[in-house]
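Trainee: Got a minute to go through this one with me? I'd like to start with a loop and then jump around a bit.
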Amino acid sequence: MKKNTKKGVSLIALVITIIVGILLVSVVVLSLRRTNIISNSVQTKFQTNVKTYETELNEYISNKEMENAGRYNKTLYADRTMSYYDSLKQEKVNIKTIIPSIKDEDLSSFIVKDSELVYIGNDPNEKLWAADIVKILGNENAYIKDGLILHWDAIKNTGTTHDNKSLIWKDLSGNGNDGIITGITDTFGSGWSDNKISLDGIDDVIYKYMNISGSNACIEIVASYYSGSYIARSDANYRTYFQGNNAYIKGEPPISVVDSKIVDQNPHSRVLQWRTKNNELYLDVYSDSKKIGDSVKFTNNNNGTYFSLGSYKPVPDQLAKIDVYSVRIYNRALSDEEVNMNYTVDAKRYGIKGTN
């Protein structure tokens with residue numbers, strides 16, 4: 001009789017344990033469902049807001065286009081404090097004026113760049129949700145596009161993905177200016193890694209034969225310099241190049257040198273550009289978006305026929321040991337604001353810490 005009682009108690013305990021387990025599982029499942037519902041609701045609300053922001057932006061641009069003879073639609077820039085358009089004339093408006101419905105909590109997460117809405121926030125979920133609708137600051141599509149004739153990006157060196165074996169650096173500008181890579185051995189100090197290519201200063205060269213205007217052009221490079229001579233060079237204006245930590249244009253006067261103020265081996269943005277104003281040529285140099293000194297005047301303006309990285313010429317000659325993350329060439333000079341916009345993307349994409 002006692003044995004039967006024990007069995008009965010054990011059976012009841014087992015049943016109770018199973019029921020409790022089922023209840024706990026149900027609670028967890030319901031909690032997860034509730035979390036998913038809330039998460040989906042937040043995502044839907046966020047994406048709906050972003051689509052509304054885009055609609056209002058397009059309406060604003062359409063209206064301004066009519067007022068500005070169709071020239072407004074490519075160059076509008078705006079953030080929470082200011083707005084520019086065309087030749088970067090400042091307007092007395094900001095992104096809130098352009099997109100009236102934008103939430104206060106979103107003012108620091110969005111800008112208008114090249115007349116497109118761009119997400120610049122750091123929230124990983126929002127970044128993922130926004131990617132289906134707008135550009136994300138830090139991706140390869142967030143740079144200034146007007147006048148871009150060459151764009152090499154080490155993260156997407158094939159154009160769509162990354163290949164550590166690639167001997168072609170794909171041009172993302174759509175102009176077919178793919179870089180030809182010679183000498184790399186896929187060993188330490190020579191070859192690709194996830195977000196850069198290392199040139200060893202021995203025989204590694206990247207080059208492209210292409211036309212580069214001697215009157216108006218801009219070369220932007222994100223690179224780390226270790227030793228050697230030529231980081232990059234073109235034969236535009238007789239010789240235009242980054243050598244060591246300096247930027248040069250060799251023409252008339254015989255040589256113009258600007259110290260780039262870069263003294264460490266971290267990745268930095270270097271910009272060298274020339275522009276024609278009142279039939280005179282001026283050289284501008286920027287380090288990590290900061291303009292270095294005054295514009296330097298010179299008079300030689302022959303067009304270039306090639307661009308090379310890590311070497312004086314498209315063949316090994318006076319080489320440099322460098323890491324290169326990105327190269328962009330424009331067929332026009334950029335404004336200070338545009339240089340800063342591109343630097344903001346570079347800094348986020350490649351982890352630039354800035355010039356001391």
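Mentor: Sure. Let's begin with Gln-318, which sits in the loop between β22 (304–309) and β23 (320–330). Keep in mind that this is a predicted model.

Trainee: What's phi of Gln-318 near?

Mentor: Near 50°, so a positive value in a residue other than glycine.

Trainee: And is Gln-318 buried, exposed or partly exposed?

Mentor: Partly exposed, because its relative accessibility is 40%, and that class covers the range between 20% and 50%.

Trainee: Which other non-glycine residue has a positive phi?

Mentor: Asn-278 has one, at about 55°. Asn-278 is in a loop as well, the one between β18 (268–277) and β19 (280–287).

Trainee: Buried or exposed, that Asn-278?

Mentor: Exposed, because Asn-278 comes out at 67% relative accessibility and the cut-off for that is over 50%.

Trainee: OK, new topic. Where is Ser-234?

Mentor: In strand β14, which runs over residues 230–234. Ser-234 has 0% relative accessibility, so it counts as buried.

Trainee: What does the side chain of Ser-234 reach?

Mentor: One partner is the backbone nitrogen of Ala-236, at 3.1 Å. The backbone oxygen of Tyr-306 is another, also at 3.1 Å.

Trainee: And what is Ser-234 in contact with, leaving aside neighbours within four places in sequence?

Mentor: Ile-212, Arg-239, Thr-240, Gly-304 and Tyr-306. So Tyr-306 turns up in that list and in the side-chain pairs too.

Trainee: Switching to pockets. What's the volume of the second largest pocket?

Mentor: About 180 Å³.

Trainee: Which element gives the most to its lining?

Mentor: α4, with four residues. Both α4 (336–350) and β4 (110–113) supply at least two residues each to that lining.

Trainee: Which residues line the second largest pocket, and how do they split by class?

Mentor: The lining consists of Tyr-77, Asp-79, Met-82, Ile-111, Lys-113, Ile-120, Leu-137, Glu-337, Asn-340, Met-341 and Thr-344. By class, that lining has six nonpolar, two polar and three charged residues.

Trainee: Last bit, the whole protein. How many helices and strands?

Mentor: Four helices and 23 strands. Of its 356 residues, 49% count as buried.

Trainee: What about the contacts and the exposed area?

Mentor: Among contacts with a separation of 6 or more, 61% come from residues 24 or more positions apart. The protein exposes about 17500 Å², and carbon and sulfur atoms supply 53% of that.

Conventions:
Residues numbered from 1 in each chain as written. Predicted model: local features only at pLDDT ≥ 70, side-chain atom pairs only at ≥ 80, totals over all residues. Heavy atoms only, no water. 1 Å grid on protein atoms, 1.4 Å probe; cavity = no way out; pocket = protein on both sides within 12 Å on 5 of 7 lines; lining within 4 Å. Points joined across faces, edges and corners; volume = space filled by probe spheres on them. Nonpolar A, V, L, I, M, F, W, Y, C, P; charged D, E, K, R; others polar. Buried < 20%, exposed > 50% of the residue type's maximum accessible area, 1.4 Å probe, protein only. Polar contact = N/O pair within 3.5 Å; in protein donor to acceptor, adjacent residues only side chain to side chain. Contact = heavy atoms within 4.5 Å. Areas by Shrake-Rupley, 256 points an atom, 1.4 Å probe, with all protein chains shown as cover.
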